[in-house]
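The exercises below ask you to read helix packing, burial and backbone geometry from a model. Work through each task with the sequence and structure open before turning to its solution.

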Amino acid sequence: MSVPYQETGRVQQKARTRETLIRATRTLLASGLTPTVEEAAAEASVSRTTAYRYFPSQQALLLAAYPEIGEESLLGDEPPPDIDARFAIVFAEMARQVTENEAPLRAMLRLSLEVPSERGQLLLRRGRRRRWITDALAPLRERMAATDFDRLVLAIAVATGIEAFVWLTDIAELPPQEALDVMRFSAETLLKTASM
């Protein structure tokens with residue numbers, strides 16, 4: 001088993017270099033550019049060769065710039081039993097992530113519109129929103145048919161992601177907070193309808 005480059009030799013210096021590359025990537029994303037490894041290296045004043053030691057691909061670079069991919073649940077160790085309270089927690093975190101990570105999420109959206117080499121390899125798209133909504137609505141599973149539950153989760157996921165945010169801010173020309181309010185209204189309306 002090979003040891004990753006960052007975990008050998010001058011580990012602290014390598015950690016600083018890696019963080020410099022990530023900061024440069026976030027700066028470029030915020031400017032509207034979806035950077036390649038070479039562009040991030042140039043922005044960070046790091047050689048291309050060095051940058052590729054840390055990030056062998058654009059995907060690896062962008063995943064590092066948007067680190068909140070792996071969270072399985074947003075509800076904590078003792079989630080509330082009430083569906084509305086559970087959803088409020090999940091929506092608040094999704095809204096925070098959309099607003100605080102708008103640039104990398106827009107970059108992800110642009111890249112996901114390109115034809116991926118294989119289905120399932122969409123950059124940064126790991127189904128976390130679907131997983132979090134499923135977790136929030138879990139108590140409904142007992143009262144709904146599985147297909148209806150899955151359909152509700154998908155409908156709410158469509159209403160609460162970067163795609164809806166981009167449409168509401170860019171096409172409908174809503175301010176960001178109003179766009180989030182519409183997204184929450186849409187999701188809560190779907191939830192109330194399904195809970196009847």
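Helix axes are lines fitted to C-alpha atoms over the stretch in contact, and the angle between two of them runs from 0 to 180 degrees between N-to-C directions. The model is predicted, so local features need pLDDT of at least 70 and side-chain atom pairs count only at pLDDT 80 or more, while totals for chains, interfaces and linings use all residues. Residues are numbered from 1 along each chain as its sequence is written, and side-chain values use heavy atoms, with hydrogens and water left out.

**Exercise 1. Describe the overall make-up of the protein.**

Solution. Begin with the secondary structure, which comes to 10 helices and 0 strands; these are DSSP runs numbered from the N terminus, helices being H or I runs of at least four residues and strands E runs of at least two. Next take burial, where buried means under 20% relative accessible area, exposed over 50%, and partly exposed in between, with a 1.4 Å probe and protein chains only. Of the 196 residues of the protein, 39% count as buried. Finally consider contacts, meaning heavy atoms within 4.5 Å: among those between residues at least 6 apart in sequence, 63% join residues at least 24 apart.

**Exercise 2. Characterise the packing of α7 against α8.**

Solution. First, α7 and helix α8 (residues 146–160) pack at about 125 degrees, and their axes are 9 Å apart. Second, classify the angle: under 35 degrees is roughly parallel, over 145 roughly antiparallel, 65 to 115 roughly perpendicular and the rest oblique. The two helices, α7 and α8, are therefore oblique to each other. Third, α7 and α8 cross in a right-handed sense, a crossing being right-handed if the near helix is turned clockwise from the far one by less than a right angle, and left-handed if anticlockwise. On the α7 side the contact is made by R129, R130, I133 and T134, and on the α8 side the residues include F149, V153 and A157.

**Exercise 3. Place R129 in its surroundings.**

Solution. Start with its element: R129 belongs to helix α7 (residues 128–136). At a relative accessible area of 19%, R129 is buried. Its side chain reaches the backbone oxygen of A157 at 2.5 Å. Leaving aside residues up to four places away in sequence, R129 touches M94, A157, V158, T160, G161, I162 and E163.

**Exercise 4. Decide how α5 and α10 are arranged.**

Solution. Helix α5 (residues 83–100) packs with helix α10 (residues 176–195) at an angle of about 150 degrees, their axes lying 11 Å apart. That angle makes α5 roughly antiparallel to α10. In passing α10, α5 makes a right-handed crossing. Residues of the contact include F87, F91 and A95 of α5, together with M183, A187 and L191 of α10.

**Exercise 5. Examine the backbone at S45 and E173.**

Solution. As background, most residues other than glycine have a negative phi. S45, in the loop between α2 (37–44) and α3 (48–54), has a positive phi near 55 degrees. E173, in the loop between α9 (162–171) and α10, has a positive phi of about 60 degrees although it is not a glycine. Are these residues buried or exposed? S45 is exposed, with a relative accessible area of 68%, and E173 also counts as exposed, at 64% relative accessibility.

How values were computed:
A polar contact is a pair of N or O atoms within 3.5 Å; within protein, one must be able to donate a hydrogen and the other to accept it, and residues adjacent in sequence count only if both atoms are side-chain atoms.
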